[in-house]
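Trainee: May I ask you for a close look at one part of this structure, and then for an account of what else can be described around it? I would be grateful if you went through it step by step.

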Amino acid sequence: MTGRIVLALAAVALLAMPWVLSTYHVLLMLPFMAYGVVLLGLNLLFGYTGLVSFGHALFIGLGAYSAAFLTGWFKVRSLEVMLATAAVVAGVIAMPVAALCVRYVKIYFGMLTLAFGMVFYTFVLKFYSVTGGDEGMPVARPFLLGRDLGAMPKIEYLAGPYYYYTLAVLVIAVLLMWRIVHSPFGLCLKTIRDNPAKAETLGISVPHYRWLAFVISAVYAGVGGALMATPTGNVDPTLAYWTHSGNIVFMTLLGGFANFFGPIVGAFVFIYLQDFVMSVVPWWRLVFGAILAVLVIAAPQGLMGLFTRRRVTEVA
Amino acid sequence: MILHAENVSKHYGAFQALNAVTLGVSAGEFVSIIGPNGAGKSTLINVLTGLARPSAGSVRFKERDIAGIGPVKLAKLGMARSFQLVQIFPDLTVMETLEAAVVARLGRGRRLLASLAGDRAVREDAEDVAALFGLDTKRHALARHLPQGDKKLLDVASAFALRPEIILLDEPTSGVSTADKTRIMEILVAAAKRIGLKAIIQVEHDMDIVFTYSDRIVALHQGSVLADATPQAVQADQRLVDMVVGRRRRHGA
C-alpha cells in the first residue's frame with residue numbers, strides 16, 4: 001500500500017514538473033528518463049539474471065546512431081519509427097553478441113561485453129565517412145505522434161511535448177518490465193541468478209534464458225539511446241564508450257539492483273548529483289568515485305536498500 | 001525396466017571411477033547405493049542422470065539412450081535428482097521455488113508477459129507439493145531463512161514438483177539431525193506414493209535409513225558392484241558388511 005502511494009506521488013510529481021520546475025531542471029529530467037529506460041533493461045540482466053554487463057553502452061550507441069541515421073540519411077522524422085528501429089537494431093545486434101557472451105559468467109561475461117562495446121566504439125570513431133567520427137552525427141528534431149513541431153522553440157519543445165513523450169515511453173517501459181519480471185519467465189531468471197546448476201536440474205535451460213534476457217535488455221538500451229539523441233541534437237562515440245557502460249552500472253548500484261525501481265532512483269540521483277557536483281568542483285569524478293566506494297561498503301543494496309528490508313542478492 | 005545401465009565405466013585420466021557397472025531399476029523399486037568414500041557412488045549417480053558421459057557402456061531410461069544428455073533434457077524426460085550438498089534458490093521463497101519447478105515442467109517458462117500470480121494451475125500444483133512436504137506453513141519464507149532440515153526438504157520437494165517418474169537422491173539426509181533424517185524419509189516416501197513416482201534411487205551413508213527404506217541395495221567398492229541384493233541378503237553376508245557397511249552397523253544390527 002505504501003509503495004502504491006509513493007508511486008502515485010511520483011507519477012503526479014513527474015506530470016507536474018514542467019509546470020513547477022525551472023526549464024533547466026525539466027531538461028535534466030530528459031536524460032534521467034532515457035537512462036531510466038536503459039536501466040530497466042540492464043537490471044533485467046543484472047538484478048534478475050545475475051549477469052553484470054560492462055558493455056551496454058554499445059546498445060545505447062546503436063539506438064542513438066539509429067536515430068541519427070534515420071533522420072540524416074533516410075529523412076525519417078517520426079520518433080515512433082526511430083524508437084522502433086532503435087529497438088530492432090539493438091535487439092538484432094544483441095542476438096549474436098548475447099549468444100557468445102552468455103556462455104560465460106562473472107568477470108568473463110563482463111569483459112566480453114566490454115570488448116564488444118569497444119569494438120563498436122572504435123567502429124563509430126574510425127569510420128568517419130559514415131559516422132562522422134569523433135564529431136558524431138546530427139539528429140534532426142523528430143515529429144511526435146506525426147506532429148511536426150519544428151516551429152516551436154527548441155527549449156519549449158523539449159520541456160513540453162518531448163518531456164511528456166519521454167515520460168510516456170518510460171511509463172510503458174516500466175509497465176512492460178514489471179510484467180516481465182513477474183511472469184513465469186521472470187521467475188526462471190531469478191532461479192538462474194540464485195543457482196544456475198539447480199535451475200538446470202529443474203529443466204530450465206540456463207543459456208537460452210540468459211540469451212533472451214540479454215536481448216530484451218539490449219532492446220531497452222536501444223530505445224533509451226534513441227531518446228537521448230534528440231535533446232542533444234547530436235550523437236557521438238562517447239555514448240558507446242566503456243565509461244558510459246560504467247556509469248549505468250554505477251547508477252544501478254546507486255539505486256539498488258535488488259529492487260525493481262532501484263535503478264530508476266539511481267538514474268535520478270546520478271543525474272542530479274552529477275549536475276550539482278559539477279557545478280561546485282571540477283573534479284567531480286573523484287567525488288563520484290568516493291561515493292561509489294562508500295556505497296559498496298556501507299549500503300551494498302543501494303539507496304532503495306535503505307528503505308526496504310530485503311537482503312542483498314549475491315550476483316553470481 | 002525403467003532405468004538400465006550396462007557395463008558402464010568411467011575414468012578420469014588414469015583413475016578408474018567406475019568399472020563395468022551394470023544396474024537395472026524397475027518400477028516400484030527403492031534402490032540404495034552404498035559404499036565407502038571413493039567407491040564411485042556419486043559418479044554413478046552423475047552417469048545415471050546424464051550429467052557425466054560414461055567412458056564405456058550405455059545408460060538407458062525408458063528405452064532411450066541418455067548418456068551425457070544433461071539435466072535439462074533429463075528433467076523433461078521424467079527423471080529428477082537432488083545433490084549431496086543442499087541446492088536451493090536463496091532469495092526465492094518456498095512457493096517461488098516450487099512454482100519455478102512447476103513452470104518448467106509445464107513448459108511455461110517462455111511466457112514473458114503472462115502473470116505468474118494469475119496462473120492458478122501453477123499455484124495450486126506448487127501448493128500441493130508444499131503441503132505434501134510439510135512446507136505449507138512456510139510458503140512465504142525465503143529459502144535462505146529455512147532451517148537446514150527444511151532446506152533439504154525444499155530441495156527434494158522441488159525435484160518432486162517436476163512429477164518425475166524416477167528420482168535420484170544423492171544423500172537426501174546428509175547434514176541434518178537424526179530426528180530430521182527420519183522425518184525427511186517418511187515425508188519423501190509418502191510423497192513418492194502420492195505423486196505416483198515409479199522408482200527412487202538414493203546414495204546414502206546412514207545404514208539405518210538404507211536398511212529401513214530400501215527394496216534393494218547396490219554395494220559399490222572401488223568402482224565395481226560388489227553386491228546387488230535385498231537388505232536381508234546384504235545383512236546376512238558378513239564379508240560384505242565388513243567391507244562396505246562397517247563395524248558400527250555390524251554390532252548394532
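Mentor: The model before you is a predicted one, and the part I have chosen is the place where two helices of chain A pack together: helix α2 (residues 23–46) and helix α12 (residues 262–280). Their axes are 8 Å apart and make an angle of about 145°. In handedness, the crossing of α2(A) with α12(A) is right-handed.

You may now look for the residues that meet there. From α2(A) come Leu28(A), Pro31(A), Phe32(A), Tyr35(A), Gly36(A), Leu39(A), Leu40(A), Leu42(A) and Asn43(A). The residues that α12(A) brings to the contact are Pro263(A), Ile264(A), Gly266(A), Ala267(A), Phe268(A), Ile271(A), Tyr272(A) and Asp275(A). Sorted by class, the contact of α2(A) with α12(A) contains 13 nonpolar, three polar and one charged residues.

Another helix of chain A deserves a moment, namely α5 (residues 106–126), where Phe120(A) has its place. Is Phe120(A) buried or exposed? Phe120(A) counts as buried because 22 C-beta neighbours are found inside 10 Å, and 20 or more are needed for that label. Leaving aside residues up to four places away in sequence, Phe120(A) touches Leu58(A), Gly61(A) and Ala240(A). Val12(A), by contrast, stands 108 residues from Phe120(A) in sequence, and the C-alpha atoms of the two are 39 Å apart in space.

From chain A we may pass to its contact with chain B. Here 21 residues of chain A are in contact with 30 residues of chain B. On the chain B side, α2 (71–77) and α3 (94–106) are the elements that give two or more residues each. The largest share, seven residues, is that of α3(B). By class, this side of chain B holds 17 nonpolar, nine charged and four polar residues.

Let us then consider chain B as a whole. Its secondary structure comes to 10 helices and 10 strands. The C-alpha trace of chain B spans about 60 × 40 × 30 Å along its principal axes. A compact globule of 253 residues would have a radius of gyration near 18 Å, and the value for chain B, 18 Å, agrees with this. Of the 253 residues in chain B, 46% are buried. Among contacts in chain B between residues at least 6 apart in sequence, 66% join residues at least 24 apart.

The strands of chain B bring us to its sheets. An open sheet of four strands has the order β2-β1-β4-β5, with antiparallel pairing. Its edges are β2 (15–25) and β5 (64–65) of chain B; each has a single partner strand, so one side of each is left without a neighbour in the sheet. Strand β1 (residues 3–12) of chain B pairs with strand β4 (residues 56–61) of chain B over five bridges, in the antiparallel sense. Within that pairing, Ala5(B) is opposite Val59(B), and Glu6(B) is opposite Ser58(B). With β2(B), β1(B) pairs over seven bridges, again in the antiparallel sense; Leu18(B) in β2(B) is the bridge partner of Lys10(B). These two strands, β1(B) and β2(B), form a hairpin with two residues between them, and Gly13(B) in the turn has a positive phi of about 65°.

A six-stranded sheet is also found in chain B. This open sheet runs β6-β7-β8-β3-β9-β10 and has mixed pairing. Its edge strands, β6 (79–82) and β10 (224–229) of chain B, pair on one side only. On average, and with direction ignored, neighbouring strands of this sheet are turned by 15° against each other. The strands β6(B) and β7 (residues 166–170) of chain B run parallel and are joined by four bridges; Arg81(B) stands opposite Leu168(B) in β7(B).

Helices lie against this sheet as well. Helix α1 (residues 41–48) of chain B lies across β3 (30–34), β7, β8 (199–203) and β9 (216–221) of chain B, and runs at about 150° to β7(B). Helix α5 (residues 148–160) of chain B packs on the sheet too, where it touches β6 and β7 of chain B; its direction makes about 170° with that of β6(B).

Notes:
Residues numbered from 1 in each chain as written. Chains lettered and ligands numbered in written order. Predicted model: local features only at pLDDT ≥ 70, side-chain atom pairs only at ≥ 80, totals over all residues. Buried ≥ 20, exposed ≤ 12 C-beta atoms within 10 Å, placed from the backbone. Contact = placed C-beta atoms within 7 Å. Nonpolar A, V, L, I, M, F, W, Y, C, P; charged D, E, K, R; others polar. Rg over C-alpha atoms; globule rule 2.2 N^0.38 Å. Axes fitted to C-alpha atoms, helices over the stretch in contact; angles between N-to-C directions. Left-handed = near helix turned anticlockwise from the far one by under 90°. Pairing = 2+ DSSP bridges.
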